[in-house]
Amino acid sequence: MPRVYKPLADFWQRYEPKWSISPDWVAERLQVAQLVEEVTPLDHDAPKKEGHTRFVCMSDTHSRNLQIDVPEGDVLLHGGDLTKVGHPGEFVQFSKLMKSLPHKYKVVIPGNHELGLDPTAARGATYGLAGGKREECLQNIKHCIFLEDRWVKINGIKIYGSPCSRSFAPGRTI
């Protein structure tokens with residue numbers, strides 16, 4: 001299993017007050033430090049070249065049982081919104097799905113629907129979530145590498161994951 005790192009801990013500690021107010025502010029500062037290399041996607045059934053790593057990416061499954069065939073690959077990357085509202089039972093269901101998939105590495109990044117992970121859980125009250133569910137939710141996440149403000153290196157490729165979301169409407173963040 002690859003090691004998971006928290007390289008930006010110093011950044012978060014220095015800018016915690018500003019980050020809490022504006023995820024956009026953080027995104028703008030992190031963007032200048034990111035090295036991005038564009039790649040050309042392949043067809044899902046194209047043969048994989050020797051020494052290459054095939055990523056299979058998905059998101060927004062919202063606790064639905066997958067009615068699709070998930071392509072083969074080395075790394076399955078789930079980019080968030082794996083649950084409807086982040087109830088602990090939804091994480092159990094998602095972990096069963098992860099266990100059933102054949103990918104060597106399964107990397108999961110929480111999204112704005114994983115309200116049970118929100119330490120304040122104030123927004124989750126609307127959906128029937130009480131505070132104090134975070135630890136129970138985290139205990140139910142299995143069979144994957146879970147990235148919450150952390151990064152992991154797989155086959156020389158760094159993957160960073162954070163549930164922090166940029167604004168999607170003026171004056172409103174998720």
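What volume does the largest cavity have? About 70 Å³. Keep in mind that this is a predicted model, and let's start from that hole and work our way outward.

By the rule used here, which takes cavities of 30 Å³ or more, the count comes to one. Its walls are built from Thr61, Ser63, Arg64, Asn65, Leu82, Glu90, Gln93, Phe94 and Leu97. That's a mixed bag in chemical terms: three of the lining residues are nonpolar, four are polar and two are charged.

Now step back to the whole chain. You'll find four helices and seven strands, and reading along the sequence they come in the order β-α-α-β-β-α-β-α-β-β-β. Of the 174 residues, 39% are buried. If you take the contacts with a separation of 6 or more, 57% of them link residues 24 or more positions apart.

Next, the packing. In soluble globular proteins, nonpolar side chains tend to be buried together. Here the largest nonpolar core has 16 residues, and Leu76, Met98 and Val108 are the ones that touch the most other members. Two elements, β2 (55-58) and α3 (88-100), each give two or more residues to this core, with α3 giving the most, at four. There's also a second, separate core of ten residues, and Val75, Val107, Val152 and Ile154 are among them.

Met98 is worth clicking on. Once you set aside its neighbours within four places in sequence, Met98 is in contact with Leu76, Lys106, Val108, Lys142, His143 and Cys144. Two names in that list, Leu76 and Val108, have already come up with Met98 among the residues touching the most other members of the largest core.

Lys106 and Val108 take us to strand β4, which covers residues 105-108. In a regular strand the side chains alternate between the two faces of the sheet. You can follow that in β4: Tyr105 and Val107 point one way, while Lys106 and Val108 point the other. Which of these four are buried or exposed? All are buried, Lys106 included. The two cores also turn up along this strand, with Val108 in the largest one and Val107 in the second.

Strand β4 has a partner, too. It pairs with β3 (residues 75-78) in the parallel sense, over four bridges. Find Leu76 and look across to β4, and its bridge partner there is Lys106. The cores show up around β3 as well: Leu76 belongs to the largest one, whereas Val75 sits in the second.

How values were computed
Residues are numbered from 1 along each chain as its sequence is written. This is a predicted model: local features need pLDDT of at least 70, side-chain atom pairs count only at pLDDT 80 or more; totals for chains, interfaces and linings use all residues. Side-chain values use heavy atoms; hydrogens and water are left out. On a 1 Å grid over the protein atoms alone, a cavity is a set of points where a 1.4 Å probe fits but cannot get out, and a pocket is an open set with protein on both sides within 12 Å along at least five of seven lines; lining residues have an atom within 4 Å of a point. Grid points are joined across faces, edges and corners, and a volume is the space filled by probe spheres set on the points. Ala, Val, Leu, Ile, Met, Phe, Trp, Tyr, Cys and Pro count as nonpolar, Asp, Glu, Lys and Arg as charged, and the others, Gly among them, as polar. A nonpolar core is a set of buried Ala, Val, Leu, Ile, Met, Phe, Trp, Tyr and Cys residues joined through side-chain atoms within 4.5 Å. Buried means under 20% relative accessible area, exposed over 50%, partly exposed in between (1.4 Å probe, protein chains only). Contact means heavy atoms within 4.5 Å. Two strands pair if DSSP finds at least two bridges between them.
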